[in-house]
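Here is a note from one reader to another, set out as numbered points. Please keep the sequence and the model open beside the text while reading.

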Amino acid sequence: MSKRDVTGRCLCGAVSLRARTDARIAHECHCSQCRRQSGHVWAYVTLPRADVVFDGPVSRHAHTDAAERGFCPTCGSFLFWAKNGEDAIDVSAGSLDAPTGLTLGAPSQWDSRGDYY
Ligand SMILES: [Zn+2]
Ligand SMILES: [Zn+2]
C-alpha cells in the first residue's frame, strides 16, 4: 500500500506532528489509563516511531515503567503513547488533520470500558 503524508497538531498549535505512513486503521482504547487521560476513549493509530516527527515542546509522563505518554505542556492535548523499547508509537488519531485516510477498527481493552456504557 502506498505511503502518504499526514499532519496533525495539538489543540493550541504549540506542537505539530508529521508522518509518512501507510497505516489505514485507527483503534480506540477503553483502558482506565486512557480513559482518565483522554476523558473517555482514546483513538489512536500505530506508526513506526522513526516515521513520526514532533515539532514543538512535548511533555512526557510515565504512568508506569513500561511506557510513556506525550502531551502538549500548554493546552494538555494527549499526543501519543509509546511502549519503552519498541519501534512503534501510538499517535492520537484525533490530533491528525483531515483527511486522515484512517478507518476506525476494532476497539481495544473493551472489557475495561467505563461503567457508564
Ligand atoms: Zn497545545
Ligand atoms: Zn489505553
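The points below concern a predicted model, and they take up strands, aromatic rings, a zinc site and a cavity in turn.

1. I would begin with strand E7, which covers residues 67-71 and has four of its five residues buried, so the rest of the structure largely encloses this strand. On one side of the pairing, strand E6 (residues 59-64) runs antiparallel to E7 and is joined to it by four bridges. The connection from E6 to E7 is a hairpin of two residues, and Thr-64 has Ala-67 as its bridge partner in E7.

2. The pairing of E7 with E8 deserves its own look, since these strands are also antiparallel and are joined by five bridges. Within this pairing, Gly-70 stands opposite Phe-80 of E8. The hairpin of E7 and E8 has six residues between the strands, and there Gly-76 takes a positive phi near 85°. When following the side chains by eye, it helps to remember that in a regular strand they alternate between the two faces of the sheet.

3. For the aromatic rings, the count comes to five aromatic pairs. One of the pairs is formed by Trp-42 and Phe-78, which are stacked with 4.4 Å from centre to centre and 20° between the planes. Because Trp-42 belongs to strand E4 while Phe-78 belongs to strand E8 (residues 78-83), this pair ties together parts that lie 36 residues apart in sequence. Are these two rings buried or exposed? Trp-42 has a relative accessible area of 5% and is buried, and Phe-78, with a relative accessible area of 10%, is buried as well. Together with Tyr-44, the residues Trp-42 and Phe-78 make up one aromatic cluster.

4. A second pair can be read in the same way, since a pair of aromatic rings is described by the distance of the centres and the angle of the planes. The rings of Tyr-116 and Tyr-117 have centres 6.0 Å apart and planes at 15°, and because planes under 30 degrees apart count as stacked, this pair is stacked. Tyr-116 counts as partly exposed, because its relative accessibility is 47%.

5. Which residues provide the protein donors of the zinc ion (ligand 2)? They are Cys-29, Cys-31 and Cys-34, each through its SG atom, and they lie 2.2 to 2.3 Å from the ion. Along the sequence, these donor residues follow the spacing C-x1-C-x2-C. Cys-29 and Cys-34 are both buried.

6. Ser-32 lies in helix H1, which covers residues 32-38. With a relative accessibility of 39%, Ser-32 counts as partly exposed. As a check on distances in the model, Ser-32 and Ala-88 are 56 residues apart in sequence, and their C-alpha atoms are 21 Å apart in space.

7. Finally, the structure holds one cavity of 30 Å³ or more, and the space in the largest cavity is about 30 Å³. Its lining is made by Arg-4, Val-6, Thr-21, Ala-23, Val-45, Leu-47, Leu-96 and Leu-102. Strand E1 (4-9) and strand E4 (42-48) are the elements that give two or more residues to this lining. By type, the lining residues divide into six nonpolar, one polar and one charged.

Definitions and conventions:
Residues numbered from 1 in each chain as written. Chains lettered and ligands numbered in written order. Predicted model: local features only at pLDDT ≥ 70, side-chain atom pairs only at ≥ 80, totals over all residues. Heavy atoms only, no water. 1 Å grid on protein atoms, 1.4 Å probe; cavity = no way out; pocket = protein on both sides within 12 Å on 5 of 7 lines; lining within 4 Å. Points joined across faces, edges and corners; volume = space filled by probe spheres on them. Nonpolar A, V, L, I, M, F, W, Y, C, P; charged D, E, K, R; others polar. Phe/Tyr/Trp six-rings, centres within 6.5 Å; stacked < 30°, edge-to-face > 60°. Buried < 20%, exposed > 50% of the residue type's maximum accessible area, 1.4 Å probe, protein only. Donors = N, O, S within 2.8 Å, 3.2 Å for Na, K, Ca; no water. Pairing = 2+ DSSP bridges.
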